[in-house]
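I opened my notebook to look up how the strands, the core and one loop residue fit together. Come and read along with me.

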Amino acid sequence: MMNVSPITIQGHTFLAISVELPKTNLLVVTSDIGYIMCGALDVALLNEKLKDRGIIAGRAVGVKTIDQLLDAPLESITIEAENRGITPGMIGRDALLKMI
């Protein structure tokens with residue numbers, strides 16, 4: 001099953017996407033310019049092989065719901081996310097506010 005719904009953080013709207021897969025959930029919250037995602041996100045791939053795309057993204061591990069993703073500290077981030085002031089350890093919702 002897949003669920004797509006808008007969420008609001010401090011008056012800004014983001015899109016929350018969750019996909020139920022066998023034995024795991026895929027979780028993403030996105031703005032127009034970047035996103036945070038569950039542990040399935042390969043930050044090293046984005047920073048190395050896709051560096052030229054300038055992807056703004058962060059990864060939180062151990063999350064099972066969108067609410068957990070929003071409240072979890074980011075375990076890793078892309079170079080472009082760091083350039084926007086996002087840091088490892090920042091919680092997801094705070095990182096999203098730097099992606100507007």
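I began with a term: two strands pair if DSSP finds at least two bridges between them. Helices (H or I, at least four residues) and strands (E, at least two) are DSSP runs, numbered from the N terminus. I noted that this is a predicted model, in which local features need pLDDT of at least 70 and side-chain atom pairs count only at pLDDT 80 or more, while totals for chains, interfaces and linings use all residues. Residues are numbered from 1 along each chain as its sequence is written, and side-chain values use heavy atoms, with hydrogens and water left out.

**Entry 1: the sheet.** I looked up β3 and β4 and found them paired in the antiparallel sense over 3 bridges. They form a hairpin with 3 residues between them, and Val29 stands opposite Ile36 in β4. On to the next pair: β4 and β5 run parallel, joined by 4 bridges, and Ile36 has Gly58 as its bridge partner in β5. With α1, these two strands make a right-handed β-α-β unit (with the strands pointing away from the viewer, the path from the first strand over the helix to the second runs clockwise).

Then I followed the whole sheet: it is open, has 6 strands in the order β1-β2-β3-β4-β5-β6, and its pairing is mixed. Why do β1 and β6 each have one side without a neighbour in the sheet? β1 and β6 stand at the edges with a single partner strand each, so one side of each is left free of a neighbour there.

**Entry 2: the core.** Next I looked up the largest nonpolar core (buried Ala, Val, Leu, Ile, Met, Phe, Trp, Tyr and Cys residues joined through side-chain atoms within 4.5 Å), and it has 32 residues. Val29, Ile36 and Leu70 are among those with the most contacts inside it. Elements giving two or more residues to this core include β3, β4 and α2. Leu70 is in contact (heavy atoms within 4.5 Å) with residues including Val29, Ile36 and Leu96.

**Entry 3: Glu75.** Where is Glu75 found? I located Glu75 in the loop between α2 (66-71) and β6 (76-77). Glu75 is partly exposed, at 41% relative accessible area (buried means under 20%, exposed over 50%, partly exposed in between, with a 1.4 Å probe and protein chains only). Beyond its neighbours within four places in sequence, Glu75 is in contact with Arg59, Ala60, Val61 and Pro88. I closed with Arg59, whose bridge partner in β6 is Ser76.
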